[in-house]
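Dear colleague,

I am passing on the structure below, together with some notes on what came out of going through it. Please read the notes alongside the coordinates.

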2 protein chains.
Amino acid sequence: MHVLIIGAAGMIGRKLTQRLVADGTLGGREITALSLVDVVAPEAPAARRARVTTTALDLAAEGAAVRSIAGRPDVIFHLAAIVSGEAEADFEKGYRINLDGTRALFEAIRHEGARQPYAPRVVFTSSIAVFGAPFPEAIGDEFFTTPLTSYGTQKAIDELLLADYSRRGFFDGIGIRLPTICIRPGAPNKAASGFFSNILREPLAGREAVLPVGEEVRHWHASPRAAVGFLVHAAALDTSPLGARRTLTMPGLSATVGEQIAALRRVAGERAAALIRRAPDPVIAGIVAGWPRNFDARRAAALGFRAESSFDEIIRVHIEDELGGRLA
Amino acid sequence: MHVLIIGAAGMIGRKLTQRLVADGTLGGREITALSLVDVVAPEAPAARRARVTTTALDLAAEGAAVRSIAGRPDVIFHLAAIVSGEAEADFEKGYRINLDGTRALFEAIRHEGARQPYAPRVVFTSSIAVFGAPFPEAIGDEFFTTPLTSYGTQKAIDELLLADYSRRGFFDGIGIRLPTICIRPGAPNKAASGFFSNILREPLAGREAVLPVGEEVRHWHASPRAAVGFLVHAAALDTSPLGARRTLTMPGLSATVGEQIAALRRVAGERAAALIRRAPDPVIAGIVAGWPRNFDARRAAALGFRAESSFDEIIRVHIEDELGGRLA
C-alpha cells in the first residue's frame, strides 16, 4: 500500500509518519511506499520496509498537486494548511493555500481518475474553527458551520468540497475536525491558544509559564497521540455509514484551565503547579471567549474514534511521548 | 443610487427589474442607474428616470467580474447561477459559474475597495439545496448544510465566502435561501420540481398537467412575487442584527400536493382540478423524497421577510401577475 502525507513536516505530520513507520501497516495492509510532502522537505524516517520519498512542494503552485499524486497513492493524508493567525493576517495567502491548494489536490485526483480509474482514500484534517459563537452548551453533530475566521471559512469550504467529490465517486473522503492539540510539544508559540499547552508543558520541564486567562475558561482538547490515532482510524474506516456527511467532529476532552492545573498538580506536584504565573491579558481572553467550549461528538465516538477522558491522561501521554517517561 | 442585477435575464431577475422600475426607489432612495447583466443581454425596461444599461457577460470569464462592477454600484443583486440539474450534469461548468464566478465577483469588489474605499450591499440568492436529507421535521435556522448536489455544494460555499468577505468589511453581504418558486410562469420544464408549478399553472390556463408523485408529498414554496419581495427587503435591511451569520432561510409555505390541489379547486373549481392527470414516476418520486419538506424560518420572519400563508394566496398572485387577473 502506498501512503502519501501532505503536510508531513508539521507537528502532526511528523508524529503520523513515526506511527506509520513503527506500525509498518495501515488498516491491516503493509505500507510498501511512504511519500512525504510539505512546503519544506520533510525529514525521511528510517523505515524497515517501506520505500520513503520526501518532496518539497507548494500544493497551490501550478502543477504541484498533480505531481504530488503522480504515484497514485492508495491513502492520502492531507494535513497541509496555513494556520489560523496567518490566514487571518494574510487573506490572499490563506485562500491560496487552504482553499486553492486543497481544491487543486482534489482536482488532480479527479483528473487522474478520468485518465485511469482511481479513487483513493483521502483523510482531511479540518478544525473546530468551522464553528462560530454563539454556541449551544455542547455543540452537536448537526450544528451549523458559521466560522468567525478566514481559516475556519476555508476549512468549512474544504469540507463541502470533500463531501461533493466523495459523493461523485472521485475519491473516498473523510474529514476529521481536530480538537485543540494539547500538550503541543516544542517551544511556547504566540498562538492565542498557546497557553493551554504552555501551562502544562513548561512546568513539567521545570520552567515558568504564563496564564493569560481565568481558571474558569473551558476548552476542547486532545493529545497529539490521540490526533494521530484519529488519522490512522479514519484511513481504514468503512466510510459507507458516513453517507454524504463526510466530516466528523472528533471526540475530545472538555476541561477548564482550573481542571488542567489540578491534573498537573496531581501528576507533577505542587512545585510544578506553582510555576504558573497569572498575567491576565484581556485581548487573549476576548479571543478565547469566542471559541467552542464543549462538543457532543457522538457520531465519531460511535464510529470508534477515541480521545483521552482526563487531563491526567493527557499529561501522562506527554510525559511518555516527549519526556522519555520521566519528569524533570 | 446605482443598482446592479447580475442574472437579470432570468425569471426572478426580470421580475426584480420590473419591480425596481415600477418603484423607482430602493430602501427609500431614488434609483438613478440600473445596470442589468446576464450571460445573454437582458431586455432593457422603459424606466422613467433611471439610466438603464444592459450587458452580456459571463461572470467567470477573465476580467468580466471587474467590468460588471466598474460603475461602483451601491447595491448588487447576484442571482446568476447554473441550475441544479445542469450543475449536476456538467461538474466543471457548475463549479466554474456557481463557485468561480461568484468568487470572481467578490474578489473584484475587494480589489476595487483596496483601490478606493468601496463596500456595496451584496444580495446573494442561495437555495434550500444547501440542505441534504435526512432532515428533522422542520429545518431550523441552525441546521447544518450537507448538500446532496454539486449545485447545493456551490451555493453553500458561496454562503461561506459571503460571510467571510462581509466580516472582513469588503462588502455588506446578505444571502437569502429561496424556497421552491411556485407558480413558475412560462412553459412546463423538465426540472424534477417542475410539476409543483405545472399542476397549478396548466389547469389555470385550461390545459392538462401531469402529476408524477403522490398527493402526500410535502414541499416548501413561495411565489415569484414573494421572492422579489425578499430581494428588495434584503437590499435595504439593516444587516447589523445578522452578525456573522449572513445567510437566512427565507419564509415559505409548507404544503402537500394534496393541499395544492385543494386550493386549486377552491380558486378555479373542479373543472381545473380535473385537468391533473396522475402518472406516477418512481424516478421523480425518488428525487423528491430527498428534498426538504418544511422549515422553521423564524430568524427571517423576525427580520420582516414575508411569504404567502396559503396556496389560495399563491394561486391568486399568479392570476394577478401572469393572467391579468382573470381565469381562462
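In this predicted model, chain A can be laid on chain B by a turn of 180 degrees with a shift of 0.0 Å along the axis, and the RMSD of that fit is 0.0 Å. The two copies are therefore related as by a two-fold rotation axis. Within chain A, the C-alpha nearest this axis belongs to A:Phe144, at 2.0 Å from it, and both copies use the same surface, given that 100% of the contact residues of chain A recur in chain B.

As for the interface itself, 18 residues of chain A are in contact with 18 residues of chain B. On the side of chain A that touches chain B, the largest share, 7 residues, is supplied by helix H5 (residues 150-167) of chain A, and the residues of that side divide into 9 nonpolar, 5 polar and 4 charged.

I also looked at one helix pair within chain A. Helix H8 (residues 257-273) of chain A packs with helix H11 (residues 311-322) of chain A at an angle of about 60 degrees, their axes lying 8 Å apart, which makes H8(A) oblique to H11(A). The crossing of H8(A) and H11(A) is right-handed. From H8(A), the residues that take part are A:Glu259, A:Gln260, A:Ala263, A:Leu264, A:Arg266 and A:Val267, and they meet A:Phe311, A:Asp312, A:Ile315 and A:Arg316 in H11(A). By character, the residues of this contact of H8(A) with H11(A) divide into 5 nonpolar, 1 polar and 4 charged.

With best regards

Note on methods: Residues numbered from 1 in each chain as written. Chains lettered and ligands numbered in written order. Predicted model: local features only at pLDDT ≥ 70, side-chain atom pairs only at ≥ 80, totals over all residues. Axes fitted to C-alpha atoms, helices over the stretch in contact; angles between N-to-C directions. Helix = DSSP H or I, 4+ residues; strand = E, 2+ residues; numbered from the N terminus. Parallel < 35°, antiparallel > 145°, perpendicular 65-115°, else oblique. Left-handed = near helix turned anticlockwise from the far one by under 90°. Contact = placed C-beta atoms within 7 Å. Nonpolar A, V, L, I, M, F, W, Y, C, P; charged D, E, K, R; others polar. Least-squares fit on C-alpha atoms with pLDDT ≥ 70 in both.
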